[in-house]
Amino acid sequence: RAISRGRTQAVARRVCLSNQVKGLLHYHGIAFPDVRFSEKTCLWLEKQTLSSDLQFALTELISAWREETQRIKRFTRELKRQAEQDPERSAILTSVPGIGIVSGRIIANELGDMKQFSNEGRLFSYVGLTPSEYSSGEEIRRGHIDRRGKPQLRAILIEIAWRAIEKDRSLQEIYQRIRLTRGGNRAIVAIARRLVGRIRHCLIHQHLWKDQVSAV
């Protein structure tokens with residue numbers, strides 16, 4: 001878990017540095033050249049004629065951004081090495097729509113042995129994908145997810161869910177159906193919950209996603 005969490009933290013730091021650069025440019029009335037901050041952005045910034053103070057500040061931020069980028073690459077290589085040493089589980093996880101080698105390894109590290117979750121409800125609670133409940137007399141209403149559980153794991157599952165609905169037609173149909181009545185945010189949470197539930201089933205029974213789906 002230290003490897004996957006270290007990578008997540010490095011990514012968060014790099015995003016923060018990117019935002020600092022954008023904020024600094026905005027403050028000085030300089031239009032940000034790209035939609036996505038990248039090495040290309042850094043090279044563009046280094047070619048600009050700017051005041052010495054602004055140039056110094058940007059140089060420090062760019063240097064820190066590059067350091068985090070290299071750190072992310074090192075963590076990524078280690079996660080891929082872990083995946084190579086655990087080929088069966090990696091094959092199952094990467095068979096899931098929206099999951100690649102790195103995201104699969106993060107899920108594997110964070111969830112550990114799926115048999116520790118005796119049912120899907122315990123898994124949803126651990127991840128933090130259980131809807132909150134509001135009681136009023138005999139009526140029980142379900143609201144947004146209660147935010148307990150593992151925020152980093154929940155975030156990556158939501159990210160995977162967005163990719164999954166682009167790759168899997170049945171998930172796309174489920175998402176659209178829920179979105180019409182409950183909104184996009186609740187719909188994507190429902191997809192993430194469905195995904196992790198099926199992932200649990202695949203890992204416990206040791207078969208690929210497409211085999212599990214066809215068996216349901």
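Q206 counts as partly exposed, with a relative accessibility of 47%. In this predicted model, you'll find Q206 in the loop that links helix 9 (184-205) to helix 10 (209-215). There's a quirk in its backbone, too: Q206 isn't a glycine, yet its phi is positive, at about 55°.

Now move over to helix 5, which covers residues 101-111 and is mostly tucked away, with ten of its eleven residues buried. Those buried residues run through V102, S103, G104, R105, I106, I107, A108, N109, E110 and L111. What lies over them? The cover includes helix 1 (2-27), helix 3, helix 4 (87-94), helix 6 (120-127), helix 7 (151-167) and helix 9. Right after helix 5 comes G112, another spot where phi is positive, this time near 65°.

Helix 3 deserves a stop of its own, and T76 is a handy way in, since T76 sits in that helix, within residues 52-85. Is T76 buried or exposed? T76 has a relative accessible area of 14%, so it's buried, the cut-off being under 20%. Setting aside neighbours within four places in sequence, T76 touches R7 and V102. V102 is itself one of the buried residues of helix 5.

How far can you trust all this? The protein chain has a mean pLDDT of 87, and 88% of its residues get to 70 or more. Confidence is highest in helix 3, at 96, and lowest in strand 1 (residues 131-136), where the mean is 44. Over residues 132-143, pLDDT stays under 50, though the model does have 18 contacts there beyond four places in sequence. Where pLDDT is low, the predicted coordinates shouldn't be read in detail.

Methods. Residues are numbered from 1 along each chain as its sequence is written. This is a predicted model: local features need pLDDT of at least 70, side-chain atom pairs count only at pLDDT 80 or more; totals for chains, interfaces and linings use all residues. Side-chain values use heavy atoms; hydrogens and water are left out. Helices (H or I, at least four residues) and strands (E, at least two) are DSSP runs, numbered from the N terminus. Buried means under 20% relative accessible area, exposed over 50%, partly exposed in between (1.4 Å probe, protein chains only). Contact means heavy atoms within 4.5 Å. pLDDT is the predictor's confidence in each residue, from 0 to 100.
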